[in-house]
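Dear colleague,

I am passing on a structure for you to look at, and my notes on it follow directly underneath. Please read them with the coordinates open.

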Amino acid sequence: MRLLQNMEYDFRIIEERWQHFWQANQIFKANNGADLPPFYVLDMFPYPSGSGLHVGHPLGYIASDIYARFKRHQGFNVLHPMGYDSYGLPAEQYAIETGQHPAVTTETNIKRYREQLDKIGLSFDWSREVKTSDPIFYKWTQWIFIQLFHSWYNQDSDKAEAISTLIKKFEQSGSAAVNAHHNSEAEFSAEEWNSFDKFTQRSILLDYRLAYRAETVVNWCPALGTVLANDEVINGVSERGGHPVEQKKMMQWSLRIRAYAERLLNDLESIEWTDSLKDIQRNWIGKSEGAEIDFKIVDTGDSVRVFTTRPDTIYGATFIVLAPEHPVVNEICTEDQKEEIEAYIQFAAGRSERERMAEVKDVTGAFTGAYAINPISKVKIPIWISDYVLAGYGTGAVMAVPSGDQRDWDFAKKFNLEIIPVIKGQDVSNGADDRKDGELINSGELSGMTVKDAIPKVIDKIEAENLGEKRINYKLRDAVFSRQRYWGEPFPIYYKDDIPYTIDEDKLDEIKLPEIDNFKPTKQGEPPLGRATHWNWNNESGKVVENGKGYPMDLNTMPGWAGSNWYFLRYMMEGNDPKRSDVFVSEEAVKYWRQIDLYMGGAEHATGHLLYFRFITKVLHDLGYIPFNEPAKKLINQGMIQAEDGHKMSKRYGNVINPDDVIAEFGADALRLHEMFLGPIEMHKPWNTKGIEGVSKFIRKLWRLYHDKNGSFSVKEEKATKAELKALHKCIEKVTSDMERSSFNTSVSAFMIAVNELSELNCKKREILEPLAILVSCHAPHVAEELWSLLGNKESISSAEWPNFNAEYLVDDQITYPVSVNGKTRFSIELNAELSKAEIEQAALAHEEAQKWLEGKAPKRVIVVPKRIVNIVV
RNA sequence: GCGGAUGUGGCGAAACUGGUAGACGCGCUAGAUUUAGGAUCUAGUGCCGCGAGGCGUGUGGGUUCGAUUCCCUCCAUCCGCACCA
């Protein structure tokens with residue numbers, strides 16, 4: 001018996017053999033410009049963490065690998081690369097704790113990742129590997145930042161343009177002629193612009209650039225010592241580490257993603273991403289249409305502008321609420337309210353983001369003592385402040401309509417303010433009634449109109465009287481782009497009189513992350529780069545020089561997502577392309593590969609990476625560098641694999657399953673098949689240790705199909721029978737359609753069914769077993785290669801043509817009809833496939849079972865669906 | 001609160017345009033072979049019932065000859081957003 005076992009499939013030897021063969025012969029290297037249609041399959045590249053891969057990570061890699069292999073069989077030139085998102089916080093936190101340089105730990109982790117990935121038998125073209133922390137890569141991340149710096153957003157042409165076109169406009173016509181997305185308060189004529197000195201001009205331009213430096217309210221995380229972008233803050237704490245986050249005004253680099261809000265929203269319709277993911281992005285962009293309306297403040301010449309989506313309810317506006325940070329609060333506040341207002345402002349500022357969120361139900365606020373005039377109803381209403389109104393959204397002020405808005409209602413109740421229903425039938429006794437249609441009441445000249453008609457009417461009126469305008473607002477904020485950390489891309493920026501200048505593009509090779517002795521912030525509170533002794537820029541020599549011998553350079557680094565914005569483009573160039581050192585991606589390469597055809601990765605990146613990388617793609621497109629507007633045509637979110645106990649797989653619970661262990665025991669093919677067999681790719685599902693024995697058994701059964709009882713390879717050249725061809729072609733049809741709709745779990749069942757049937761038929765024929773090997777080769781490439789070579793083939797199975805499906809082999813001359821009585825299946829009859837409807841009906845009714853159910857009565861009706869079913873209605 | 005996804009045997013799941021619900025696999029039961037099995041093979045396995053039969057895809061309703069599939073109601077779980085005016 002032991003002898004026989006040795007003749008069984010030995011994955012240990014065979015898997016290693018083929019992994020070596022693939023690598024030695026560069027089987028999966030993609031060639032640019034090959035005379036085949038291109039197809040680009042990409043996985044989101046991993047951050048190489050210290051704990052290595054667990055069994056959940058490769059799920060997406062295996063699925064995309066199966067798809068890449070399928071496309072190769074179909075005659076596509078497939079680009080399927082991999083790399084590492086190797087800048088990031090964990091390596092740096094580790095460095096702070098241990099003094100170990102992040103570059104060292106990162107390198108160690110990458111090595112470990114590579115070993116683990118190699119063992120899974122993934123068909124990556126490693127010659128194109130990228131690492132975001134590699135100077136030859138991040139040089140181009142810096143270069144892209146420079147392009148953003150030298151661009152502005154022209155809302156007339158609706159795209160980004162070179163900053164030189166903006167300067168020309170200023171020189172010729174001043175600021176009024178420009179319709180830009182900007183955050184400048186300066187207004188000037190052409191003459192004024194031309195008379196400004198260089199510094200003034202540059203500081204104005206800074207407020208127009210796509211990458212701009214400005215004092216903004218940011219999420220400051222004291223524990224991490226850095227600012228964070230909105231998507232890096234979850235429920236008021238940092239995504240990494242869960243540390244508290246405060247709101248703080250700071251001078252920071254930002255990217256003008258808001259300029260792209262509308263395009264990011266609209267273009268979702270042109271891509272095949274899941275509805276849930278599109279919804280998350282839509283929600284995050286948060287478009288809302290409405291109007292801005294000016295309310296005159298009583299006894300002053302000033303007015304306050306509010307944003308509302310419901311201008312039709314303006315007669316129900318019984319007070320105004322300003323954000324505590326609103327700039328007019330101090331000016332309008334009356335003497336006797338001063339103390340109260342100041343106390344409230346202080347209270348609001350002292351509340352952390354977290355507290356504010358937790359205490360949503362508690363209504364707080366203070367009266368300014370000032371009044372405003374409702375511009376439509378002319379009624380005098382009080383002005384309050386409260387932190388339920390956000391300074392950063394809209395105008396930082398609202399007209400409160402307590403009859404229609406629950407927050408306003410709560411506020412009105414607490415402070416005893418008037419509530420006026422403005423829509424017929426509105427019940428405001430227990431809360432606001434936010435109905436969005438109906439007839440207006442208590443609304444002066446608007447009374448009797450419908451909500452739908454009143455909205456444009458009010459907007460027309462305020463526009464005609466110059467009291468405001470129609471307005472679209474987005475929740476999306478510009479992305480804070482600087483981090484006060486070490487392990488990231490340094491900015492290619494130096495400062496002259498506090499004005500930032502970019503380093504020349506041809507000098508970027510000089511701007512490497514400097515070595516420092518300690519990775520913590522400096523004593524003065526500067527970022528870690530403040531510790532570098534050589535971090536000044538000398539323009540004459542074009543070198544980074546000792547501090548004091550040049551202009552100071554930026555001390556920030558870029559966020560983790562800077563490299564992942566554009567890495568997919570870098571893979572498009574061949575690994576040995578000499579242009580790799582001249583361009584971020586060559587024109588030929590982007591023209592050849594175009595977009596990512598299939599992008600595989602987790603849904604947790606919905607509002608971070610997946611939004612930023614669409615944004616940067618659009619910028620690069622606007623600037624004429626790439627011929628497409630969206631990075632990925634189709635996207636699949638693979639689900640998470642939970643541990644068997646239902647928890648998340650993590651060190652903390654001690655429930656982590658390492659793919660290395662699974663491979664050592666069952667082999668890579670079994671791991672691949674099992675991960676797919678767990679369920680649909682996009683679902684979350686628990687790992688199932690026992691279940692792997694099923695697919696492992698399948699592999700041995702497949703192997704035995706090609707071997708005789710003694711374990712010798714035994715495939716004959718005889719003609720296949722009808723039954724054998726049917727088993728094969730059923731499998732071809734099923735697996736092909738499964739592949740096309742990424743149903744990788746059901747194709748595993750199809751393989752099992754085919755192998756079970758062919759084993760039963762004792763089929764040992766090349767005509768059947770050769771195509772079968774190709775069918776399973778995407779899922780289980782090692783055993784398939786071995787069988788393929790035993791069949792006498794010299795080339796890798798990966799380039800074999802996908803078998804053709806022939807429907808003729810599936811045609812039956814006998815069909816088993818299920819016969820149901822009143823919709824319940826009672827028996828089945830075998831009938832000739834050629835029979836007519838009437839003949840089928842006759843045969844079914846004649847059956848003794850049918851007679852039994854009819855009890856001598858005539859059937860009311862008989863439904864016959866040819867080749868499917870018979871239903872007798874009694 | 002808003003938006004989305006998912007609910008099918010003991011378990012993972014399948015059923016693609018409405019047509020034999022539970023394919024395939026795990027587990028379990030019985031048996032064969034074996035010194036032994038955590039190997040292999042055979043048969044069985046949704047629930048209730050001795051049986052005829054009845055019940056059954058989260059709940060309740062509807063459309064249909066026929067519903068896991070289409071429509072409405074409600075419930076549960078998970079994910080995202082959350083004072084966005």
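The notes below take up confidence, then the RNA surface, then one helix pair.

This is a predicted model, in which local features need pLDDT of at least 70 and side-chain atom pairs count only at pLDDT 80 or more, while totals for chains, interfaces and linings use all residues. Residues are numbered from 1 along each chain as its sequence is written, chains are lettered from A and ligands numbered from 1 in the order in which they are written, and side-chain values use heavy atoms, with hydrogens and water left out.

Chain A averages a pLDDT (the predictor's confidence in each residue, from 0 to 100) of 92, and 98% of the residues score at least 70. Over residues 1–6, however, the pLDDT is below 50, and beyond near neighbours in sequence this stretch has one contact (heavy atoms within 4.5 Å) in the model. The scores for the model are ipTM 0.95 and pTM 0.94.

RNA strand B is surrounded by 52 residues, the closest being Thr309, Tyr388, Arg407, Lys475 and Leu678; a residue is near the strand if one of its heavy atoms lies within 4 Å of it. Of the atoms of RNA strand B within 4 Å of the protein, 66% belong to sugar or phosphate, the rest to bases. A backbone N or O atom of threonine 309 lies 2.5 Å from a sugar or linking oxygen of RNA strand B, whereas for lysine 697 a polar side-chain atom lies 3.1 Å from a phosphate oxygen of the strand. Helix H25 gives the most to this surface, with six residues.

Elsewhere, helix H2 (residues 11–24) packs against helix H27 (residues 781–790) at an angle of about 85°, with axes 9 Å apart; the axes are lines fitted to C-alpha atoms over the stretch in contact, and angles run from 0 to 180 degrees between N-to-C directions. H2 and H27 are therefore roughly perpendicular (65 to 115 degrees) to each other. Among the residues that meet are Trp18 and Trp22 in H2, and Pro781 and His782 in H27.

Best regards

Technical notes:
Polar contact = N/O pair within 3.5 Å; in protein donor to acceptor, adjacent residues only side chain to side chain. Helix = DSSP H or I, 4+ residues; strand = E, 2+ residues; numbered from the N terminus. Parallel < 35°, antiparallel > 145°, perpendicular 65-115°, else oblique.
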